[in-house]
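Biologist: Could you take me through the salt bridges of this model, one pair at a time, and then show me the rings and the surface too? I would like the cut-offs along the way, please.

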Amino acid sequence: MPSIPEMLERRTRLLGPNVSTFYDDPLHLVRGEGVWVWDAQGRKYLDCYNNVPHVGHCHPRVVEAICTQASTLNTHTRYVHDGILDYVERLTATFTSDISTAIMTCTGSEANDIALRMAEAVTGKRGVIATDHTYHGNTTVVAQLSATNPPTTGDGSHVRHVPAPDSYRPLGGVAGMPHAQAFADKVQEAIDNLNASGIGFSALILCPAFLNEGFPMLEAGWLTPTLDVVRKAGGLFIADEVQPGFARNGEAFWGHQRINAQPDIVTMGKPMGNGHPVAAVATTAEIMAAFRNSFRYFNTFGGNPVSCAAAMAVLDVIEDENLQENARIVGAHARAGLSKLAEKHECIGDVRGYGLFFGAELVTNRTTKAPASQHAIRVANEMRRRGVLMNKLGIHYNTLKIRPPMPFSIEDADFMLATLDATLDHLGPALD
Ligand SMILES: Cc1ncc(COP(=O)(O)O)c(C=O)c1O
């Protein structure tokens with residue numbers, strides 16, 4: 001079996017330079033089942049990180065749905081097929097609004113690309129607002145939205161960034177609704193700037209749980225002042241549900257529903273096909289008609305019968321295995337466990353999250369809240385050595401990010417917490 005350095009050399013030779021891997025000691029995974037993955041040496045790891053195998057790695061019902069459809073027929077949407085119709089009907093029934101149509105794509109990036117074009121078709125304007133610590137995908141247009149990995153080419157002159165919400169260090173100094181108003185004021189400033197520059201305002205695009213930003217704690221109604229500003233200016237709100245969607249937050253099926261924020265367009269991807277590349281953009285009949293009449297859109301693989309079968313099986317499993325409720329219960333248990341660890345380990349400055357997306361922000365000093373970004377890297381690497389996979393993210397890259405497959409159990413959470421306790425004991429104080 002080739003060594004990791006040999007495989008890395010081969011990757012660079014075949015895939016080019018600068019292709020990132022996780023961990024100081026990269027993992028060579030060969031198998032997965034439920035919440036577990038195995039490396040090439042047969043070592044087992046508890047997966048606390050991967051949200052794409054949403055209903056569990058290699059879930060038999062999703063595998064069977066893919067195999068059955070792949071051995072029956074796979075074509076594209078220029079032939080009529082009931083797979084896409086049944087799926088879109090069932091998907092749009094999860095919204096508590098008049099979102100009733102969808103375009104199926106292969107990636108979240110494509111879905112966001114279409115969402116921006118929909119907003120442009122409706123408003124006739126191009127200006128887009130996003131947070132300064134997000135990622136919405138990799139197409140030429142969508143990549144312009146990222147302030148953390150800005151592309152070196154292309155035109156981002158129509159993009160304005162607002163400060164990513166941070167409930168631990170809130171804009172204006174006070175968490176809750178004052179923070180919400182401070183955020184809305186920043187969005188208003190960005191809209192004014194777009195209008196003054198002659199570009200005009202088209203859409204605000206946000207992950208409604210701000211997961212790439214470090215999942216700040218936001219109460220219901222937190223986005224209301226912002227959405228009032230957006231609507232008054234004639235813009236649309238695009239909810240990027242690529243990460244918080246499909247019941248992960250435990251309280252509602254979608255991230256925007258948890259905080260009562262009504263989007264005009266919803267995009268989704270990652271967990272939708274449990275690893276099969278399927279994504280979508282959903283919206284109202286009016287917005288869809290404006291888009292379809294402005295752009296002739298076709299996607300060879302988007303909405304093919306195999307993808308629809310995989311996506312439908314994921315919805316079946318979420319429902320039949322009661323995974324939203326599992327996320328609520330296990331997530332609450334795990335967060336309580338993290339709070340208990342915070343009583344012992346000074347480096348844990350804040351514990352937060354919802355359902356099965358949660359974590360702890362590490363600091364070198366609880367009074368100054370100085371980020372322990374290096375310590376977070378050490379913790380993720382040590383956890384990996386001890387057989388538990390997690391990572392870090394957030395505005396300061398110091399927040400442990402825990403986002404396991406949805407069948408994660410109380411026992412799995414306890415194993416993760418015990419390993420984290422031992423890891424923090426082993427590493428000692430966060431000095432960075
Ligand atoms: C919030 C968000 N939106 C969109 C995307 C892009 O999705 P994809 O990689 O399927 O194109 C990502 C990927 O990480 C994401 O985190």
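Modeller: Happy to; salt bridges come first, then rings, then a surface patch.

A note on the ground rules: this is a predicted model, where local features need pLDDT of at least 70 and side-chain atom pairs count only at pLDDT 80 or more, while totals for chains, interfaces and linings use all residues. Residues are numbered from 1 along each chain as its sequence is written, and side-chain values use heavy atoms, with hydrogens and water left out.

Side chains of opposite charge can pair when their charged atoms come close. Here a salt bridge means a side-chain nitrogen of Lys or Arg within 4 Å of a carboxyl oxygen of Asp or Glu, and the structure holds 22 of them. One of these joins aspartate 25 to arginine 384, at 3.7 Å from N to O. This pair links distant parts of the chain, 359 residues apart: aspartate 25 is in the loop between H1 and strand E1 (29-33), and arginine 384 is in helix H11 (residues 373-385). Helices (H or I, at least four residues) and strands (E, at least two) are DSSP runs, numbered from the N terminus. Arginine 384 is buried at 7% relative accessibility, whereas aspartate 25 is partly exposed at 38%; buried means under 20% relative accessible area, exposed over 50%, and partly exposed in between (1.4 Å probe, protein chains only).

Another salt bridge connects aspartate 320 with arginine 61, their closest N and O atoms being 2.9 Å apart. Aspartate 320 belongs to helix H9 (residues 305-320) and arginine 61 to helix H2 (residues 60-70), so the pair ties together parts that are 259 residues apart in sequence. With 35% relative accessibility, arginine 61 is partly exposed.

Back in helix H11, glutamate 382 and arginine 385 form a salt bridge, with 3.2 Å between the closest N and O atoms. These two residues are separated by about one helical turn because they are 3 residues apart in helix H11. Glutamate 382 is buried at 9% relative accessibility, while arginine 385 is partly exposed at 41%. Elsewhere, a network of salt bridges links Asp166, Arg169, Asp350, Arg352 and Glu361.

Now for the rings. The structure holds 13 aromatic pairs. The ring centres of phenylalanine 253 and tryptophan 254 are 5.2 Å apart and the planes stand at 75 degrees, so this pair is edge-to-face. The rule is that rings of Phe, Tyr and Trp (its six-membered ring) pair if their centres lie within 6.5 Å; planes under 30 degrees apart are stacked, over 60 edge-to-face and the rest tilted. Phenylalanine 253 is buried at 14% relative accessibility, and tryptophan 254 is buried at 0%. Together with Phe95 and Phe246, Phe253 and Trp254 form one aromatic cluster.

Charges sit over rings as well: arginine 31 lies over the face of tryptophan 38, 3.9 Å from the ring centre, and the charged end of arginine 78 is over the ring of phenylalanine 298, 3.7 Å from its centre. This requires NZ of Lys or CZ of Arg within 6 Å of the ring centre and within 35 degrees of the ring normal.

Finally, the surface. Leucine 15, in helix H1 (residues 4-15), is exposed at 55% relative accessibility.
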